[in-house]
Amino acid sequence: MTSSSSPLIGIVMGSDSDWPVMEAAAKALDEFEIPYEVDVVSAHRMPHEMIAYGEEAAGRGLKAIVAGAGGAAHLPGMLASVTPLPVIGVPVPLKYLDGMDSLLSIVQMPAGVPVATVSVGGARNAGLLAARMLAAHDPELQGRMREFQQHLNEQATEKGKRLRNKVASPAGFGFGSGK
Ligand SMILES: Nc1c(C(=O)O)ncn1[C@@H]1O[C@H](COP(=O)(O)O)[C@@H](O)[C@H]1O
């Protein structure tokens with residue numbers, strides 16, 4: 001799957017069973033209208049294709065790779081070993097061990113081969129981090145990222161206001177109680 005113009009971000013995963021988690025990365029990129037491609041690339045099950053994907057990614061115009069995998073999640077690190085692009089690893093939680101296995105497989109990379117690891121199941125942040133990487137060299141995109149952050153701020157402020165109104169304490173509490 002590829003969004004319409006030439007993809008800038010590769011979203012890959014060890015299996016299509018990871019898609020329900022990884023879809024959030026694609027949605028985040030959609031929000032910023034960043035073109036991406038999606039594929040299954042497994043270090044364990046299709047090692048030669050995985051190496052080819054990593055080796056060719058930069059030459060094909062990709063700027064970063066978001067790689068998600070569950071269990072013995074070697075995919076992000078193996079991709080990072082064969083591409084000069086930044087790789088963002090997403091630990092996908094499976095039925096057993098709650099994603100601790102994939103988290104530890106991804107996060108403990110040896111020095112020299114970095115993988116930026118997000119939280120277990122944190123595919124949305126992986127998409128947003130990829131957007132920020134592009135925004136570092138794209139003032140227009142950076143402006144949209146600032147607007148997004150401002151929106152988050154407003155939402156959080158509104159939540160605080162609602163909570164303060166709901167939990168009415170006669171003495172008031174904490175900062176911004178409005179008393
Ligand atoms: N961790 C890896 C790798 C890899 O790291 O290369 N390839 C597949 N997998 C993971 O195996 C899990 C089960 O896959 P299946 O659902 O296909 O059995 C998935 O979470 C996948 O990411």
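Reader: Which residue in β2 is the bridge partner of M13?

Author: This is a predicted model, so take everything here as read from predicted coordinates. Strands β1 and β2 run parallel and are joined by 5 bridges. M13 belongs to β1, which covers residues 9–13. Its bridge partner over in β2 is V40.

Reader: And on the β3 side, what is the bridge partner of I9?

Author: β1 is also joined to β3, again by 5 bridges and again with the strands running parallel. Strands of a sheet pair through backbone hydrogen bonds, either parallel or antiparallel. For I9, the partner in β3 is A64.

Reader: What is the strand order of the open sheet?

Author: The sheet has 5 strands, with parallel pairing. β2 (36–40) and β5 (116–117) stand at the edges with a single partner strand each, so one side of each has no neighbour in the sheet. Written out across the sheet, the order is β2-β1-β3-β4-β5.

Reader: Which strands does helix α1 touch, given that it packs on the sheet?

Author: Helix α1 takes in residues 19–31, and its direction makes about 170° with that of β1. β1 is itself on the list of contacts, and the full list is β1, β2, β3 and β4.

Reader: How about α4: at what angle does it run to β4?

Author: α4 spans residues 100–107. This helix lies across β3, β4 and β5. Relative to β4, its angle is about 160°.

Reader: Are the residues of β1 buried or exposed?

Author: In a regular strand the side chains alternate between the two faces of the sheet. In β1, I9, I11 and M13 point one way, while G10 and V12 point the other way. The count is 5 of 5 residues buried, so β1 is largely enclosed by the rest of the structure. For both sets of residues, then, the answer is buried.

Reader: How many residues of β4 are buried?

Author: Take the strand face by face. On one side sit V87, G89 and P91, on the other I88, V90 and V92, and both faces are covered. β4 also pairs with β3 in parallel through 6 bridges, where V66 has I88 as its partner. The buried count for β4 comes to 6 of its 6 residues.

Reader: Which residues touch the most other members of the largest nonpolar core?

Author: In soluble globular proteins, nonpolar side chains tend to be buried together. Here the largest nonpolar core has 43 residues. Helix α1 gives the most to this core, with 6 residues. The residues that touch the most other members are A25 and V66.

Reader: What does V66 touch, not counting residues up to four places away in sequence?

Author: Its contacts include I9 and I11, which point the same way from β1. Another is I88, the bridge partner of V66 in β4. The complete set is I9, I11, A25, I88, V90, A126, G127 and A130.

Reader: Why is helix α3 described as largely enclosed, and which of its residues are buried?

Author: α3 covers residues 75–82, and 6 of those 8 are buried, so the helix is largely enclosed by the rest of the structure. What covers them includes α2 (47–57), β3 (64–70), β4 (87–92) and α4. The buried ones are L75, P76, G77, M78, L79 and A80.

Reader: Does A57 count as buried or exposed?

Author: A57 is found in helix α2. Beyond its neighbours within four places in sequence, A57 is in contact with G10, L62, I65, T83 and L85. The cut-off for burial is 20 or more other C-beta atoms within 10 Å. With 24 C-beta neighbours inside 10 Å, A57 counts as buried.

Reader: And R146, is that residue buried or exposed?

Author: R146 has its place in helix α6, residues 139–166. Its C-alpha atom is separated by 35 Å from that of G71, 75 residues apart along the chain. A residue with 12 or fewer other C-beta atoms within 10 Å is exposed. R146 has 11, so the verdict is exposed.

Reader: Which residues come nearest to the ligand?

Author: There are 18 residues around the ligand. By class, that shell has 8 nonpolar, 8 polar and 2 charged residues. The ones that come nearest are G14, S15, S17, A43 and G70.

Conventions:
Residues are numbered from 1 along each chain as its sequence is written. This is a predicted model: local features need pLDDT of at least 70, side-chain atom pairs count only at pLDDT 80 or more; totals for chains, interfaces and linings use all residues. Helices (H or I, at least four residues) and strands (E, at least two) are DSSP runs, numbered from the N terminus. Two residues are in contact if their C-beta atoms, placed from the backbone, lie within 7 Å. A residue is near a molecule or strand if its C-beta atom, placed from the backbone, lies within 6 Å of it. Ala, Val, Leu, Ile, Met, Phe, Trp, Tyr, Cys and Pro count as nonpolar, Asp, Glu, Lys and Arg as charged, and the others, Gly among them, as polar. Two strands pair if DSSP finds at least two bridges between them. Axes are lines fitted to C-alpha atoms, for helices over the stretch in contact, and angles run from 0 to 180 degrees between N-to-C directions. A nonpolar core is a set of buried Ala, Val, Leu, Ile, Met, Phe, Trp, Tyr and Cys residues joined through C-beta atoms within 7 Å.
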